[in-house]
6 protein chains.
Amino acid sequence: MGSQVRVTRAIEFSTSLRYWLPSLSEAENRRRFGRKADQHGHNYRLELTVQGQPDPTTGMVVNLTELKELLEREIMDRFDHRDLNADTSYFDEVPPTPEHFALVIAGILKAALPAGSLERVRLHQDADGFVDVVDPE
Amino acid sequence: MGSQVRVTRAIEFSTSLRYWLPSLSEAENRRRFGRKADQHGHNYRLELTVQGQPDPTTGMVVNLTELKELLEREIMDRFDHRDLNADTSYFDEVPPTPEHFALVIAGILKAALPAGSLERVRLHQDADGFVDVVDPE
Amino acid sequence: MGSQVRVTRAIEFSTSLRYWLPSLSEAENRRRFGRKADQHGHNYRLELTVQGQPDPTTGMVVNLTELKELLEREIMDRFDHRDLNADTSYFDEVPPTPEHFALVIAGILKAALPAGSLERVRLHQDADGFVDVVDPE
Amino acid sequence: MGSQVRVTRAIEFSTSLRYWLPSLSEAENRRRFGRKADQHGHNYRLELTVQGQPDPTTGMVVNLTELKELLEREIMDRFDHRDLNADTSYFDEVPPTPEHFALVIAGILKAALPAGSLERVRLHQDADGFVDVVDPE
Amino acid sequence: MGSQVRVTRAIEFSTSLRYWLPSLSEAENRRRFGRKADQHGHNYRLELTVQGQPDPTTGMVVNLTELKELLEREIMDRFDHRDLNADTSYFDEVPPTPEHFALVIAGILKAALPAGSLERVRLHQDADGFVDVVDPE
Amino acid sequence: MGSQVRVTRAIEFSTSLRYWLPSLSEAENRRRFGRKADQHGHNYRLELTVQGQPDPTTGMVVNLTELKELLEREIMDRFDHRDLNADTSYFDEVPPTPEHFALVIAGILKAALPAGSLERVRLHQDADGFVDVVDPE
């Protein structure tokens with residue numbers, strides 16, 4: 001059984017944010033981003049998909065203990081109970097849209113996981129939809 | 001058919017908050033509230049239950065158009081894309097726990113709805129559970 | 001262990017309907033009911049709650065085989081893949097609002113179940129909310 | 001950050017239908033389609049996935065205001081609170097199975113969206129499953 | 001604000017079981033319980049509802065840290081990754097129906113919680129429904 | 001309309017299991033698999049995706065009656081209300097991780113379905129995630 005298998009794990013975190021670029025005036029921020037320029041918040045749900053072959057000893061594609069530690073260190077410590085604008089530098093030049101946030105997360109996880117194992121990052125911001133980054137560069 | 005019927009409508013809104021009382025020192029806020037003293041955010045889901053008899057003309061217990069306007073005016077305008085601490089005065093003396101937030105919402109809706117019609121307010125803050133205020137005083 | 005226990009079972013069915021009273025003119029139906037006067041449809045989800053003490057032999061409050069037969073005969077045969085207006089007479093004088101439909105279902109199930117066992121009927125019409133009839137007369 | 005991002009938005013609508021081809025006899029329609037030849041209805045949930053690069057000004061792959069207007073005009077106006085057989089001509093020669101309905105929707109949206117941006121249409125008809133049209137021709 | 005508030009927390013656990021009474025013959029167990037006499041398993045979801053007034057210092061009806069410890073000790077340690085028949089003595093004389101299991105859990109939690117605080121135990125065994133024990137004796 | 005369409009159907013079943021290899025000592029099983037070496041259970045949710053073109057007569061990619069019979073015979077009869085270790089031979093040499101179970105199911109379904117029609121098997125074991133086998137060899 002040499003087939004590739006994809007394993008998806010989900011975590012949730014709670015974050016404060018607004019669409020607001022320091023380089024723009026208050027008027028321009030409000031004109032461009034509307035109500036999203038106001039401070040608001042989300043329970044984000046992140047689905048991380050990794051691919052590979054099950055380890056012959058454990059039967060698992062990914063060591064869950066190590067994966068949980070990685071997600072705790074790379075995602076929860078950075079973003080849970082944080083303000084994306086004030087507490088991180090990822091959104092100084094781009095607003096924290098779900099598109100940008102998913103790309104930031106995909107970049108962090110791609111660097112932290114074994115090469116070739118990250119298949120997809122899916123980010124749910126609310127009940128209306130979600131954003132995918134597939135096989136990030 | 002004179003039975004009482006209960007109608008539940010759900011709305012969602014996106015809010016920023018922290019457990020932080022201005023009357024306490026930073027050290028005491030952090031000691032008492034832990035990580036919830038950090039700025040974070042939620043997609044709250046509110047379920048409003050009203051009871052009554054269906055109107056003989058429309059067949060509905062509650063006029064949905066009026067109910068949506070009431071929820072827009074009383075809840076969405078006050079709390080959606082807002083910071084509960086900075087943008088409202090409800091949490092100057094009590095922290096915005098789901099218990100307190102549900103009581104605040106129940107008080108607002110009870111005052112805005114016809115007497116005796118508010119049966120229950122249920123507030124979901126995340127996937128772990130929810131808070132009910134039933135038949136508020 | 002003489003406590004009362006409540007058991008809830010859910011079923012789904014697929015129904016066509018419009019809010020339309022034969023006694024009213026087309027203009028009056030459209031004025032009163034708006035877009036709901038157009039033929040549309042729902043996957044209804046019905047939750048039936050019965051209460052009682054577990055049977056000492058089976059450990060169940062309600063015999064599931066009998067309950068499924070009852071729901072098949074009383075609800076599915078009447079309403080699944082049916083047009084509520086054309087194929088039933090329940091909505092000749094009242095429109096098929098979720099309030100009225102829940103009352104009709106509660107009346108049918110109360111008559112079909114042992115006296116005192118029906119605790120609640122909950123009817124979901126879509127993702128926005130639901131209607132309860134509790135302890136129907 | 002030049003990666004492709006996929007954005008999925010979901011809408012729901014309420015529709016009446018039956019599997020019934022005018023070119024067939026009543027007996028043949030019933031023989032071929034069974035209970036689905038009876039008038040019934042669904043709350044359809046449509047997930048539309050578009051792909052692209054985030055716009056450098058807004059940070060979004062797709063302008064949400066324009067996308068909502070497009071979905072309102074192309075999907076909601078055509079199918080919400082409609083009878084698929086009587087009120088549209090899409091199902092005169094093929095029955096409104098979820099497969100055919102998803103293909104019809106994919107064709108409409110592909111023509112209305114910028115070339116190359118439609119990645120997938122997913123249509124949920126009930127809780128048992130769903131149908132995908134991926135990268136439609 | 002002296003209103004009563006109800007707080008619900010959910011946990012999930014993974015359990016093996018069969019409906020099988022040692023006092024009955026194999027034939028009688030199979031006759032009475034059918035396929036449920038075979039060893040099977042569930043992810044149970046337990047919702048615990050407690051009621052009270054928010055503590056003036058923390059703003060919470062129940063100390064979440066203590067509640068989590070209580071649920072870990074009383075429920076998870078007893079039932080998670082356990083066989084209800086072989087690893088516990090609760091089902092020696094009654095089968096582990098959801099009704100009996102909910103009554104067992106309600107008894108355990110009522111004894112462990114402050115008097116009068118347990119409002120309801122709801123136990124989901126699968127997607128078809130759930131069982132409630134309300135205000136247990 | 002010659003586009004490929006993918007149809008997904010979901011089923012649920014209830015299974016008992018433990019991670020336990022007969023070739024290993026009890027100590028080694030417990031060391032390697034931790035609490036999963038204890039007998040536990042799951043409600044598995046299986047999503048089967050097949051692809052093809054809708055049949056011109058029925059409008060369906062797959063005959064649902066035949067598909068249900070196939071799933072009943074190949075999956076439900078083998079795994080529902082069964083103990084994966086004691087009642088099947090699939091896990092004598094590999095533990096029943098979701099990865100291995102999904103590969104076993106994909107192999108069974110690939111052999112039972114028309115060549116080229118099986119697109120994906122997705123297996124949910126609990127609320128934390130799921131495993132995919134895509135286009136199995």
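This is a walk through a predicted model of several protein chains, from the symmetry of two copies to their contacts and then to the nonpolar cores.

Let's start with chains A and B. Two copies of a chain are related by a rotation about an axis and a shift along it. Here, a turn of 180 degrees with a shift of 0.0 Å along the axis lays chain A on chain B, and the RMSD is 0.0 Å. That is the relation of a two-fold axis. The interface fits this picture: 100% of the interface residues of chain A are also interface residues in chain B, so the copies meet through the same surface.

What does that surface look like in numbers? Chain A brings 19 residues to the contact and chain B brings 20 residues. Together they bury about 1500 Å², with carbon and sulfur atoms giving 42% of that area. On the chain A side, A:Arg35, A:Asn43 and A:His81 supply 38% of the area buried against chain B, more than any other three residues. A:Arg35 also takes part in a salt bridge, its side chain meeting that of B:Asp80 at 3.7 Å, N to O. The count of salt bridges between chain A and chain B is four, and the interface has 14 residue pairs in polar contact. Strand 1 (5-17), strand 2 (40-52), strand 3 (82-83) and strand 4 (118-126) of chain A each give two or more residues to the side that touches chain B.

Now turn to the other neighbour of chain B, chain C. In this interface, 19 residues of chain B are in contact with 17 residues of chain C. The buried area is about 1600 Å², and carbon and sulfur atoms give 56% of it. Between chain B and chain C there is one salt bridge. Its partners are B:Arg9 and C:Asp128, whose closest N and O atoms are 3.9 Å apart. Six residue pairs are in polar contact across this interface. On the chain B side, the elements giving two or more residues are strand 1 (5-17) and strand 2 (40-52), and strand 1 has the largest share, six residues.

Finally, look at the packing of nonpolar side chains. The largest nonpolar core holds 121 residues, and B:Leu109, C:Leu109 and E:Leu109 touch the most other members. Leaving aside neighbours within four places in sequence, E:Leu109 is in contact with E:Leu46, E:Leu48, E:Leu70, E:Leu71, E:Ile75, E:Leu118 and E:Val121. Apart from this core lies another, of 120 residues, including D:Ala37, D:Met60, D:Leu70 and F:Val104.

Note on methods
Residues are numbered from 1 along each chain as its sequence is written. Chains are lettered from A and ligands numbered from 1 in the order in which they are written. This is a predicted model: local features need pLDDT of at least 70, side-chain atom pairs count only at pLDDT 80 or more; totals for chains, interfaces and linings use all residues. Side-chain values use heavy atoms; hydrogens and water are left out. Copies are superposed by least squares on the C-alpha atoms of residues with pLDDT of at least 70 in both. Contact means heavy atoms within 4.5 Å. A nonpolar core is a set of buried Ala, Val, Leu, Ile, Met, Phe, Trp, Tyr and Cys residues joined through side-chain atoms within 4.5 Å. Buried means under 20% relative accessible area, exposed over 50%, partly exposed in between (1.4 Å probe, protein chains only). Buried area is the accessible area (1.4 Å probe) that two parts lose on being put together, summed over both. A polar contact is a pair of N or O atoms within 3.5 Å; within protein, one must be able to donate a hydrogen and the other to accept it, and residues adjacent in sequence count only if both atoms are side-chain atoms. Helices (H or I, at least four residues) and strands (E, at least two) are DSSP runs, numbered from the N terminus.
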